[in-house]
Amino acid sequence: MKAVRLEAVGDISVRDVEVPEPGPDDLLVQVEACGICGTDRHLLHGEFPSAPPVTLGHEFCGIVVKVGSAVHGIKPGTRVTGDPNISCGRCPQCQAGRVNLCRNLRAIGIHRDGGFAEYVLVPQRQAFEIPLGLDPVHGAFCEPLACCLHGIDMAGIRAGSTVVVLGGGVIGLLTVQLARLAGATTVILSTRQASKRRLAEELGATATVDPAAGDIVEAIAGLSGLVPDGVDVAIECAGVSETVKQSTRLAKAGGTVVILGVLPRGEKVEIEPFDILFRELRVQGSFINPFVHRRAADLVASGAIEIDRLISRRVTLDEAPGIIANPALPGEIKVLVIPSS
Ligand code: NAP
Ligand code: ZN
């Protein structure tokens, strides 16, 4: 079968590999769709550790075609979405229920073969059934949506909350939608590209701001800003130091800052501890998707999240290495690999 292989840092190509045989607890899944994520670019460039040679792709869904001898309760023909993050279940963090902080965390598409292939092996406990009636590309959004859902849970958004989301990529645009679903009545998105600001307003943002046009802290939290004195929750979804800095200025006294965006390791941001103390800010990281994949899959299946408008293009396995090796095109939100195309 064809697979997009990371042979070594900087070396990605489509290769012919054997269709894997399921171990006792595995499902063999024929991949219908797998999303390209910024992390795939980081893996290629060695900015995020992986275990090459490995097939990339961690945002996948597909049809179960074969099951291992110890698998119960799931049959060939079922459509599943995969939670790629496999925790060990034995380390102190796992034993305390913090599986996303597992010290032995391994991910499908990072440390073991993933979904940019015709078939992928998925341990049964990482597979979540989704309806056959669903557009399969929607199934590929369960993983990024689950990460946003964890961020929203961490944020403690309630009915009437005021929220700022910084960064209008797929994570920011899903987070805007989840914030509205969670009950926020004011959701402001800051992002530089006008097309993304327009889309965010159509997806439920109550206002958008252009960080290139002036000081967004003043425009949002200033005396005559959109939410004078600041918002209940600021969610950083851009992964740049500027927006991390802005987030601590945008949250009101007693408010919460959630860091969803990934900054390069070693990058520093200047913040004022006095400000965090004096205004009792809660600064909370949100890492991957502990125990939320089922909810994310149900949300996708419910149709409550607009997904089609986040899909920029659908490509073949052969096209994937070139796309991963280059930066995202302007305006591009999510590219889906369709192995059967
Ligand atoms: P992305 O497509 O790169 O989106 C980030 C967006 O931020 C860009 O599209 C850009 O849009 C915007 N941006 C850049 N500089 C900005 C600025 N100064 N002010 C406002 N917006 C700015 O990436 P993504 O897939 O949405 O992911 C977002 C971040 O979340 C990444 O860092 C990713 O690694 C991280 N992530 C974290 C988790 C987790 O578990 N915590 C899971 C998945 C992803 P404009 O050009 O319009 O400004
Ligand atoms: Zn563990």
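The exercises below, each with a worked solution, concern a predicted model.

**Exercise 1. The largest nonpolar core**

Find which residues of the largest nonpolar core touch the most other members, and work out where this core lies with respect to domain 1 and domain 2.

Solution. Begin with the membership: the largest nonpolar core has 47 residues, and I157, V163, I235 and L310 are the ones that touch the most other members. Next, look at the elements that supply at least two residues each, among them helix 4 (142–155), strand 11 (162–166), helix 5 (170–181) and strand 14 (231–236). Helix 4 gives the largest share, with 7 residues. Finally, turn to the domains: domain 1 (2–141 + 307–337) and domain 2 (148–285) both contribute residues, and therefore the core lies between them.

**Exercise 2. The surroundings of L310**

List the residues in contact with L310, leaving aside its neighbours within four places in sequence, and then name some members of the second core.

Solution. With those neighbours set aside, L310 is in contact with F141, V170, L173, L174, Q177, L199, L203, I333 and K334. A second core, separate from the largest one, has 32 residues, including I110, V315, L317 and I324.

**Exercise 3. Two helices that pack together**

Describe how helix 4 and helix 10 pack, giving the angle, the distance between their axes and the residues that meet.

Solution. The first step is the geometry: helix 4 and helix 10 pack at an angle of about 115°, and their axes are 8 Å apart. Helix 4 is therefore roughly perpendicular to helix 10, since angles of 65 to 115 degrees are counted in that class. The crossing of these two helices is right-handed. The last step is the contact itself, in which C142, E143, L145, A146, L149 and D153 of helix 4 meet H293, R295, A296, A297, L299 and V300 of helix 10.

**Exercise 4. Backbone details in loops**

Locate the cis peptide bond from P52 to P53, and then decide whether I288 is buried or exposed and whether F291 is buried or exposed.

Solution. The peptide bond from P52 to P53 is cis, with omega near 0°, and P53 lies in the loop between helix 1 (38–44) and strand 4 (54–55). I288, which lies in the loop between strand 16 (282–285) and helix 10, has a positive phi of about 50° although it is not a glycine. The relative accessible area of I288 is 15%, so I288 is buried, the limit being under 20%. F291 also lies in the loop between strand 16 and helix 10, and its phi is positive too, near 60°, in a residue other than glycine. F291 has a relative accessibility of 65% and therefore counts as exposed, for which the cut-off is over 50%.

Terms used
Residues are numbered from 1 along each chain as its sequence is written. Chains are lettered from A and ligands numbered from 1 in the order in which they are written. This is a predicted model: local features need pLDDT of at least 70, side-chain atom pairs count only at pLDDT 80 or more; totals for chains, interfaces and linings use all residues. Side-chain values use heavy atoms; hydrogens and water are left out. A nonpolar core is a set of buried Ala, Val, Leu, Ile, Met, Phe, Trp, Tyr and Cys residues joined through side-chain atoms within 4.5 Å. Buried means under 20% relative accessible area, exposed over 50%, partly exposed in between (1.4 Å probe, protein chains only). Helices (H or I, at least four residues) and strands (E, at least two) are DSSP runs, numbered from the N terminus. Domain bounds come from an automatic or database domain assignment. Contact means heavy atoms within 4.5 Å. Axes are lines fitted to C-alpha atoms, for helices over the stretch in contact, and angles run from 0 to 180 degrees between N-to-C directions. Angles under 35 degrees count as roughly parallel, over 145 as roughly antiparallel, 65 to 115 as roughly perpendicular and the rest as oblique. A crossing is left-handed if the near helix is turned anticlockwise from the far one by less than a right angle, and right-handed if clockwise.
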